[in-house]
Amino acid sequence: MRNDSLTEMYYPMVFTPPERLSYGLKNRESRLLREELKHIRTGSLFIDYYKDRTYFTEYRNGARRRITKNTDRVYALARRAYITKRIKYLQGFDNGEMKKLLEKFQGAGLEISRIVMTQAQYKWANAKYERKSQRRDALLYSSPKGVRFRSKSEFLIGSTAEKYHLPYRTEPHLYLDGRWYHPDFVLMLPDNRLVILEHFGRTDLDEYMMDLIERLRIYENNGLILGVSVFVTFEQHTVSEDKVLSLLRRIISSDVPEICARYFMGR
């Protein structure tokens, strides 16, 4: 049996304490998870190690079969096991079992994002989308997944979201009232809802602030309300990863409406 010392287990945003989530949010996510569970064929995943190699076996209907080369089935069973623990966590059980399970999967070399993200999140995170055109030399900072940013603050937001398996898009196209806008971020939350996150980096410039205030006005005219489906950050929110993480947790804990999906799903 392999015994790894996992010194850097980056637990995903799904570890937001259940008591911080409203009943509606917990109930919605539980329904989504139970529905997804119906479409994953039953079976249990076993992980074996032999001569520095990892092997995956499925136990089903009293029989075991090796599925190491069947990557889709390996992840389906891992996702099934995770969903079962996640539902219990949302019901108020301790998160120890969920953490232990993810540590085991990480030790086996599995991609944690593919396990903790919903099917909609994973598909959305890996789909191509149109982003605002920028000169490459203006995008100075690159996240671990290769997304490039203009500023350190936006880089920190994107990198933190990646680290905690929260899918996002940066500067996607948004057409409102005859004009194109490009929100700094669109995030997909653990219950599949979308939110806009704008970073106000140059609050010292009057023209910059006037443009952002006008943008927020246009957003609101189209149902994208500040503090409801649109959130903002300032430089003081991005001085450290802990600050960004705290902000992301607050967004996840909010009762976000469905309206952003009208603009950013299927695009």
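Here are three short exercises with worked solutions on the predicted model shown above.

Residues are numbered from 1 along each chain as its sequence is written. In this predicted model, local features need pLDDT of at least 70, side-chain atom pairs count only at pLDDT 80 or more, totals for chains, interfaces and linings use all residues, and side-chain values use heavy atoms, with hydrogens and water left out.

**Exercise 1. Find how the strands are ordered and paired in the open sheet.**

Solution.
- Step 1: Look for strands, which are DSSP runs of E with at least two residues, numbered from the N terminus. The open sheet has three of them, in the order S1-S2-S3, with antiparallel pairing. (Two strands pair if DSSP finds at least two bridges between them.)
- Step 2: Find the edges. Strand S1 (44-50) and strand S3 (63-66) each pair on one side only.
- Step 3: Check the twist, which averages 30° from one strand to the next.
- Step 4: Zoom in on strand S2 (residues 53-60), joined to S3 by four bridges. One residue to look at is Glu58, whose bridge partner in S3 is Arg65.

**Exercise 2. Describe helix H2 and work out how H2 and H3 are oriented to each other.**

Solution.
- Step 1: Helices are DSSP runs of H or I with at least four residues. Helix H2 (residues 71-90) has 20 residues and spans 28 Å from first C-alpha to last, close to the 28 Å expected at 1.5 Å a residue. (The expected span is 1.5 Å times one less than the number of residues.)
- Step 2: See what follows H2: Gly92, with a positive phi near 105°.
- Step 3: Take the angle between H2 and helix H3 (residues 96-107), about 160°, with the axes 9 Å apart. (Axes are lines fitted to C-alpha atoms, for helices over the stretch in contact, and angles run from 0 to 180 degrees between N-to-C directions.)
- Step 4: Angles over 145 degrees count as roughly antiparallel, under 35 as roughly parallel, 65 to 115 as roughly perpendicular and the rest as oblique. H2 and H3 are therefore roughly antiparallel.

**Exercise 3. Work out how H6 lies relative to H8, and name residues that meet.**

Solution.
- Step 1: Helix H6 (residues 152-163) and helix H8 (residues 241-252) pack at about 70°, with axes 10 Å apart. That makes H6 roughly perpendicular to H8.
- Step 2: List contacts (heavy atoms within 4.5 Å). Among the residues that meet are Leu156 and Ile157 in H6, and Val244 and Leu248 in H8.
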